[in-house]
Amino acid sequence: MCRSIRTLRPPMAPEVSDEDIRAAALQYVRKVSGFREPAAHNRAAFERAVEAVAEATRELLDDLEVRGRGGPLRRPPARS
């Protein structure tokens, strides 16, 4: 599923931006919903889902520890 989503954790992706995370979340929601672009009446639900998946992805990446790296993964600070 979602073959075009790339791995976002080091060492596969040493630098992961918020844009990378959002792109992966968007691809996931598109795949699950079956919509590339939602209709106007589904747009709010679609965008909420993308943001929820992106936030869960940020939390996952922040909490993962890759053995041999000596600690939690480090990402650039989130941009607001």
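1. Phe35 in the interhelical loop. Phe35 is partly exposed, with a relative accessible area of 40%; in this predicted model, Phe35 belongs to the loop between α1 and α2. The 40% places Phe35 in the partly exposed class because that class runs between the 20% limit for buried and the 50% limit for exposed. Beyond its neighbours within four places in sequence, Phe35 makes contact with Arg30, Asn42 and Phe46. For the pair Phe35 and Phe46, the C-alpha atoms are 9.2 Å apart, with a separation of 11 residues along the chain. Of these partners, Arg30 is among the buried residues of α1, and Phe46 is a member of the largest nonpolar core.

2. Overall composition. The protein chain contains 2 helices and 0 strands. Of its 80 residues, 28% are buried. When contacts between residues at least 6 apart in sequence are considered, 53% of them join residues at least 24 apart.

3. Geometry of α1. Does the end-to-end distance of α1 agree or disagree with the span that its 16 residues should have? The 16 residues, at 1.5 Å a residue, should span 22 Å, and the end C-alpha atoms are 22 Å apart, so the two agree. The expected figure rests on 1.5 Å times one less than the number of residues. Directly after α1 comes Gly34, with a positive phi near 80°.

4. The buried face of α1. Which residues of α1 are buried? They are Asp18, Ile21, Ala24, Ala25, Val29 and Arg30. The set includes Asp18 and Arg30, both of which belong to the charged class. An α-helix has 3.6 residues a turn, so residues three or four places apart point the same way. The buried residues of α1 pack against α2.

5. The nonpolar core. The largest nonpolar core comprises 11 residues, namely Leu8, Ala13, Val16, Ile21, Ala24, Ala25, Val29, Phe46, Val50, Ala54 and Leu61. The elements contributing two or more residues to this core are α1 and α2. Ile21, Ala24, Ala25 and Val29 appear both in this core and among the buried residues of α1.

6. Val50 as a contact point. Which residues does Val50 contact, leaving aside its neighbours within four places in sequence? Val50 is in contact with Arg22, Ala25, Leu26 and Val29. Among these partners, Ala25 and Val29 are core members, as is Val50; Ala25 and Val29 are also buried in α1.

7. The largest pocket. The largest pocket has a volume of about 190 Å³. Its lining consists of 13 residues, and those nearest its centre are Arg6, Leu8, Thr57, Leu60 and Leu61. The elements that give two or more residues to this lining are α1 (18-33) and α2 (43-63). Which element supplies the largest share of the lining? That element is α2, with 4 residues. By class, the lining holds 9 nonpolar, 2 polar and 2 charged residues. Leu8 and Leu61, which lie nearest the pocket centre together with Arg6, Thr57 and Leu60, are also listed in the largest nonpolar core.

8. The segments flanking the helices. Arg9 is located in the segment before α1, while Leu64 and Val66 are located in the segment after α2. Arg9 and Leu64 are 55 residues apart along the chain, and their C-alpha atoms are separated by 8.4 Å. For Arg9 and Val66, the separation is 57 residues along the chain and 8.7 Å between C-alpha atoms.

9. Accessibility in these segments. Is Val66 buried or exposed? Val66 counts as buried because its relative accessibility of 16% falls under the 20% limit. Arg9, at 28% relative accessibility, counts as partly exposed. Leu64 is likewise partly exposed, with a relative accessible area of 29%.

Definitions and conventions: Residues numbered from 1 in each chain as written. Predicted model: local features only at pLDDT ≥ 70, side-chain atom pairs only at ≥ 80, totals over all residues. Heavy atoms only, no water. 1 Å grid on protein atoms, 1.4 Å probe; cavity = no way out; pocket = protein on both sides within 12 Å on 5 of 7 lines; lining within 4 Å. Points joined across faces, edges and corners; volume = space filled by probe spheres on them. Buried < 20%, exposed > 50% of the residue type's maximum accessible area, 1.4 Å probe, protein only. Contact = heavy atoms within 4.5 Å. Core = buried A, V, L, I, M, F, W, Y, C linked by side-chain atoms within 4.5 Å.
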